[in-house]
Amino acid sequence: MGEAGRKKYADYIDVEEGWVDRRIFWDQEIYDRELEQVFARSWLFVGHESQIAKPGDFLTTYMGQDAVILSRRKDGGIGVFLNSCPHRGNRVCFADAGNTRQFVCNYHGWSFGNGGELLGMHEEYVYREASKNFDKQKLGLVQARVGTYKGLIFATFDPDAPELLDYMGDFAWYLDMLVDADEGGTEVIGGAVRNVLNCNWKFPAENFHGDAYHVGWNHLAGSMAFGGSGFKADQNSSFQMNSNGHGWETAMGGGAMITAHNSGPVLEYVLENLPNIEKRLGKERAEIYGAISSVTMFPNFSFLPGLNAIRVWQPKGPAKTEIWAWVLVNKNAPDTVKQDMRRGVMRTFSPGGMLEMDDGENWENATLSNAGVVTRRQKLYYGMNLNAPEGPDYLPGNVRMGQIGDNNQLAMYQRWADLMDAPGWGDVPDRRQAKKAAE
Amino acid sequence: MTITDSRQPAAAGAPDADLIREVEQFLYREARILDAEELEEWLTMLTDDIHYWMPSIQNRYRKDKQPAFSEETVALFEEDMDSLKIRVRRFYTGFAWPEDPPTRHCHIITNIEVALTDNPDEYRVYSAFLNHRSRLEKDEDWMVGRREDLLRRVGGELKLARRKIVTTQSTVLAKNLSAFL
Ligand code: FES
Ligand SMILES: [Fe+2]
């Protein structure tokens with residue numbers, strides 16, 4: 001396994017014909033390898049700059065299954081480091097968020113600064129006077145590489161990972177609709193909501209990556225309750241876009257996502273701002289802005305543009321995932337708009353949310369059915385809309401017309417297989433844009 | 001954890017036994033109606049200005065001045081009558097897949113305390129709950145917590161005007177929260 005040239009994981013994904021092997025949603029060995037090959041090598045979303053605005057602010061989260069602290073250092077820089085003491089491995093911070101000058105380990109009292117550096121310890125003289133290989137400089141909390149994009153903070157434990165912008169590829173052009181639609185930028189408000197699902201993390205990730213298909217049927221009750229008659233896609237004015245394994249499916253207009261907040265002030269705010277959005281981002285993106293859409297930035301950062309529900313699918317085992325969900329707003333939006341958006345997101349996309357409530361059971365059962373050995377051997381059909389025409393040239397990335405389909409999901413699994421197979425980042429193919437890569 | 005509602009100061013004087021009994025019966029009846037999924041009926045037990053709130057809980061150090069939750073933080077429920085009606089409507093569309101086959105609910109309500117307020121028609125009521133849901137073959141979800149209610153007498157009948165629900169879970173240990181608590 002892992003020798004150069006052998007494409008073991010690519011065999012699980014048939015991008016041409018549209019099949020995915022069910023084992024990737026169940027197998028413990030595959031999951032363990034994902035932690036190594038995907039999560040320990042990718043840029044992972046760890047938080048938003050507004051969540052650690054002041055020196056000493058911190059929050060705790062996970063990168064894969066590695067517990068980490070995201071911290072605003074004294075010098076104003078951003079640190080991301082393992083939340084595990086180099087002495088015996090205990091966790092050094094137990095709060096979800098807060099502000100502190102230091103993290104002190106409960107076990108023997110080693111203390112770390114908000115850059116993760118070792119400051120001192122209980123009975124330090126023993127270390128100084130009679131200990132082997134003692135070097136305070138080398139005993140800090142293990143650092144990750146940090147990259148930011150317009151307020152969003154990402155980190156990776158792989159020194160060889162490409163720069164964040166290269167990693168994003170053409171996805172960044174779309175991401176600006178979320179984080180750069182207003183000159184004041186964005187902020188996360190109100191903290192996190194978390195819940196547990198007995199599912200493989202890839203099911204929710206692929207769902208946001210490209211699955212507009214489920215909306216019309218699975219969320220029918222929710223959309224009817226809001227006074228609609230169910231989502232209907234127009235394949236001729238919607239598309240799926242992917243680049244380097246990140247995916248964005250969207251209608252090309254309509255702004256219907258904004259109405260999910262069920263708030264007059266929010267709708268007014270967005271409508272009034274549309275000319276500004278067009279000025280900032282251009283006509284193409286202003287049209288897409290707020291349309292029915294969903295997004296996954298590979299591997300596990302997802303959001304709904306317009307509704308501005310953002311979340312991470314934290315992997316906890318082949319059949320366990322935690323949803324960590326936040327609300328993103330424009331910093332300059334009026335307070336009533338921010339509060340309405342906070343309520344709007346929670347009423348639709350949180351464990352008690354009227355739309356999210358429908359999703360969990362599907363993902364759990366899609367995962368758990370693979371306990372059956374015969375079931376597990378079968379392949380899942382991902383051939384939908386693969387013959388669709390390419391999108392217009394003004395849209396960057398790999399674009400296919402129609403938001404209903406499997407083009408994006410397959411691209412996500414292709415990227416997954418790329419990373420699972422590749423010994424190093426140098427072996428990972430460029431999936432930015434098929435046209436460009438071919439040139 | 002403190003969940004005291006400062007908006008309704010407790011008045012001097014103890015509630016009499018009849019009132020305590022009446023409040024208990026109201027809460028037990030409400031629990032039974034929720035168990036039976038009679039959600040339209042449940043809505044009639046609420047005042048039109050109902051505020052139904054279940055904040056999400058954050059772990060913070062004791063020295064932290066920021067509380068585990070506030071009115072500004074995210075909430076699992078932050079509902080008024082309009083949004084509750086939308087939720088109930090969703091339930092009755094016939095397309096609410098995660099409720100078909102139906103969930104089996106049991107709401108256990110206990111630790112009921114009644115306090116008078118400055119308004120003779122409003123009572124502050126504390127209770128604890130244990131909510132058990134089971135579904136399909138063997139799906140099981142448990143949730144425990146405290147509630148702080150404001151009950152108001154409207155035309156002689158008690159109604160729920162405000163509810164604050166504080167669960168012990170900072171991560172909801174379930175795939176959804178398809179239940180009123
Ligand atoms: S484990 Fe942290 S001080 Fe010993
Ligand atoms: Fe969904």
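## Close-up views of a predicted model

**Figure 1. B:N111, with a relative accessibility of 44%, counts as partly exposed.** That label fits because partly exposed covers the range between the buried limit of under 20% and the exposed limit of over 50%. Keep in mind, here and in every view that follows, that this is a predicted model. B:N111 sits in strand β3 of chain B. Its phi is near 55°, a positive value in a residue other than glycine. Most residues other than glycine have a negative phi.

**Figure 2. B:E37 also has a positive phi, of about 60°, although it is not a glycine.** Look for B:E37 in the loop between α1 (17–35) and α2 (39–43) of chain B. Is B:E37 buried or exposed? Its relative accessibility is 18%, so B:E37 counts as buried.

**Figure 3. Two cis peptide bonds, one in each of chains A and B, are shown here.** Most peptide bonds are trans. In chain A, the cis bond joins A:F298 and A:P299, with omega at about 0°. A:P299 belongs to the loop between β16 (293–297) and β17 (301–304) of chain A. In chain B, B:D100 and B:P101 are linked by a cis bond, again with omega at about 0°. B:P101 is part of the loop that runs between α3 (81–91) and β3 (104–116) of chain B.

**Figure 4. The iron ion (ligand 2) is held by donors from A:H214, A:H219 and A:D359.** Each histidine offers its NE2 atom, while A:D359 appears twice with OD atoms, and the distances run from 2.1 to 2.5 Å. What spacing do these donors follow along the chain? The pattern is H-x4-H-x139-D. A:H214 lies in helix α6 (residues 213–218) and A:D359 in helix α12 (residues 356–368) of chain A, so this pair ties together parts that are 145 residues apart in sequence. Both A:H214 and A:D359 are buried. The angles among the four donor atoms go from 55 to 151°, and the site is irregular. A tetrahedral site would need all angles between 85 and 135 degrees, so this one does not qualify.

**Figure 5. Helix α12 of chain A has 13 residues and ends in view at A:L368, which lies in this helix.** From its first C-alpha to its last, α12(A) reaches 19 Å, close to the 18 Å expected at 1.5 Å a residue. Many side chains to find here are buried, among them A:M357, A:D359, A:W363 and A:T367. A:L368, by contrast, is partly exposed, with a relative accessible area of 37%. A:L368 and A:W26 are 342 residues apart in sequence, yet their C-alpha atoms are 7.9 Å apart in space. Leaving aside residues up to four places away in sequence, A:L368 touches A:W26, A:N198 and A:A319.

**Figure 6. Helix α9 of chain A bends by about 45° at A:L274.** A proline, A:P275, follows within four residues of that point. The 18 residues of this helix (264–281) should span 26 Å at 1.5 Å a residue, and the end C-alpha atoms are 24 Å apart, which agrees. At the start of α9(A), a side-chain oxygen of A:S263 comes to within 3.1 Å of the backbone nitrogen of A:V266. After the helix comes A:G282, with a positive phi near 90°. The buried residues include A:V266, A:Y269 and A:I277. Which elements do the buried residues of α9(A) pack against? They are α4 (171–179), α8 (256–259), α10 (283–288), β19 (320–330) and α11 (335–348) of chain A.

**Figure 7. A:A286, in helix α10 of chain A, touches A:L274, A:I277 and A:E278.** That list does not count residues up to four places away in sequence. A:A286 counts as buried because its relative accessibility is 11%. A:R88 is 198 residues from A:A286 along the chain, and their C-alpha atoms are separated by 53 Å.

**Figure 8. A:D27 caps the N-terminal end of α1(A).** One of its side-chain oxygens lies 2.9 Å from the backbone nitrogen of A:E29. In this helix (residues 28–39), the buried residues include A:I30, A:Y31 and A:F39. Among the elements covering the buried residues are β3 (44–48), α5 (202–210), β18 (309–317) and α14 (407–421) of chain A.

Note on methods: Residues numbered from 1 in each chain as written. Chains lettered and ligands numbered in written order. Predicted model: local features only at pLDDT ≥ 70, side-chain atom pairs only at ≥ 80, totals over all residues. Heavy atoms only, no water. Donors = N, O, S within 2.8 Å, 3.2 Å for Na, K, Ca; no water. Tetrahedral: all angles 85-135°; square planar, octahedral: opposite > 155°, others 65-115°. Helix = DSSP H or I, 4+ residues; strand = E, 2+ residues; numbered from the N terminus. Buried < 20%, exposed > 50% of the residue type's maximum accessible area, 1.4 Å probe, protein only. Expected span 1.5 Å × (residues − 1). Bend = angle between axes of the 7 residues up to and from the residue. Contact = heavy atoms within 4.5 Å. Polar contact = N/O pair within 3.5 Å; in protein donor to acceptor, adjacent residues only side chain to side chain.
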